[in-house]
Amino acid sequence: MSETCVFLGEDLAKYGFPGGHPFSPSRHAVYEAGLQAAGLLDQCCVRTPQQATDEQLRLFHDGEYIDTVARRSQSGAGYLDGGDTPAFPGIYEAAATVVGTTVAAVDAVMRGECKQAFNPIGGLHHARRDAAQGFCAFNDIGVAIEHLFSTWALIEVLYVDIDAHHGDGVFYSFDKDRRVLFLDYHQHSDTLYPGTGKPYETGSGPAKGRKLNIELIPECDDALFFEQWARGREFIDQFSPEFVLLQCGVDSLKGDPITNLCLSEAAHAQVTRELIQYAGTHCSGRLVALGGGGYNMENISRGWTAVTHTMLNT
């Protein structure tokens, strides 16, 4: 059996917004077609999405907020936040499926059923414990981290984020938690939503020095990125986490319609390769990748396919 699990299915594809919204439901199909065209689909262990239970959602999210999403899901009207994340009929089930699928990916790796796993629609890194934000209704990453601590009794998890946007929902939710090692590359906070992730934000209290935010200037290419990647490697090499989560948003690739970075899929492949090797040294290869952002369909196909190819061949 393949050492790489990929989660695909209609229920997962439903997390996307209608009416020309950048986060469209077609992202799932574009990735699956890219895998097929590259001859990779048959090499993966393809698994079925799973919907999170209410108990799992409550590992991270406030119960009152979960209930609010459920109510808005029935009416399908209005927004879950200030205007970026519209409600639609069934958004609760769709968002809970993203969460449950990331948890299933984590469990498959922890049980030794595969070494790495990929949820392409996962990586909803903006949602807070009590609020939607930035296209993200629930935060599957936050739930997965809490699940690793509560169910699997891990004591240290590494989260790496190379999406163009700062992973603020993860960062601020675990700002004081020393168990969560955090490395985030994002377009400079003065130039892109959500305007957070300053270099001086390195964690608070007992977590001080265990988080690293690295800002990339607009038009940053692979060469400039890898100059900064060396800093990140030096940072994570201080630690020995038990699990690695990678949010590999492809909105940092050149040509994305809402960001200004100019990376290529080679950058995402190299980061994936190095983190798999890092995980092999520290935690028996245990790594889950999450698709994150990306609003150029060609970039989704090329970027996530490159990540998957690397997972299959490292």
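This passage describes the sheet, two helices and the aromatic contacts of a predicted model.

The sheet is open and consists of eight strands in the order β2-β1-β3-β8-β7-β4-β5-β6, with parallel pairing. Strands β2 (45–47) and β6 (211–216) lie at the edges, each pairing on one side only. From one strand to the next, the twist averages 15°. Helix α10 (residues 297–313) packs on the sheet, where it touches β1 (4–7), β3 (116–119) and β8 (287–290). The direction of α10 makes about 165° with that of β3.

Within the sheet, strand β4 (residues 157–161) and strand β5 (residues 180–187) run parallel and are joined by five bridges. Asp161 stands opposite Asp184 in β5. Helix α6 (residues 140–150) is mostly covered, with ten of its eleven residues buried; among them are Ile141, Val143, Leu148 and Phe149. The N-terminal end of α6 is capped by Asn139, which places a side-chain oxygen 3.1 Å from the backbone nitrogen of Ile141. Arg179 lies over the face of Phe149, at 3.8 Å from the ring centre.

Across the whole structure, 21 aromatic pairs were found. One of them, Tyr159 with Phe182, is tilted, at 5.6 Å centre to centre and 40° between the planes. This pair links strand β4 to strand β5, the two residues being 23 apart in the chain. Both Tyr159 and Phe182 are buried. Phe171 and Tyr172 form an edge-to-face pair, at 4.9 Å centre to centre and 90° between the planes. Phe171 counts as buried because its relative accessibility is 2%, under the 20% cut-off. Tyr172, at 29%, counts as partly exposed.

One aromatic cluster is formed by Tyr15, Phe17, Phe23, Phe88, Phe135 and Tyr295. Arg27 lies over the face of Phe23, at 4.0 Å from the ring centre.

Definitions and conventions: Residues numbered from 1 in each chain as written. Predicted model: local features only at pLDDT ≥ 70, side-chain atom pairs only at ≥ 80, totals over all residues. Heavy atoms only, no water. Pairing = 2+ DSSP bridges. Helix = DSSP H or I, 4+ residues; strand = E, 2+ residues; numbered from the N terminus. Axes fitted to C-alpha atoms, helices over the stretch in contact; angles between N-to-C directions. Contact = heavy atoms within 4.5 Å. Buried < 20%, exposed > 50% of the residue type's maximum accessible area, 1.4 Å probe, protein only. Polar contact = N/O pair within 3.5 Å; in protein donor to acceptor, adjacent residues only side chain to side chain. Phe/Tyr/Trp six-rings, centres within 6.5 Å; stacked < 30°, edge-to-face > 60°. Lys NZ or Arg CZ within 6 Å of the ring centre and 35° of its normal.
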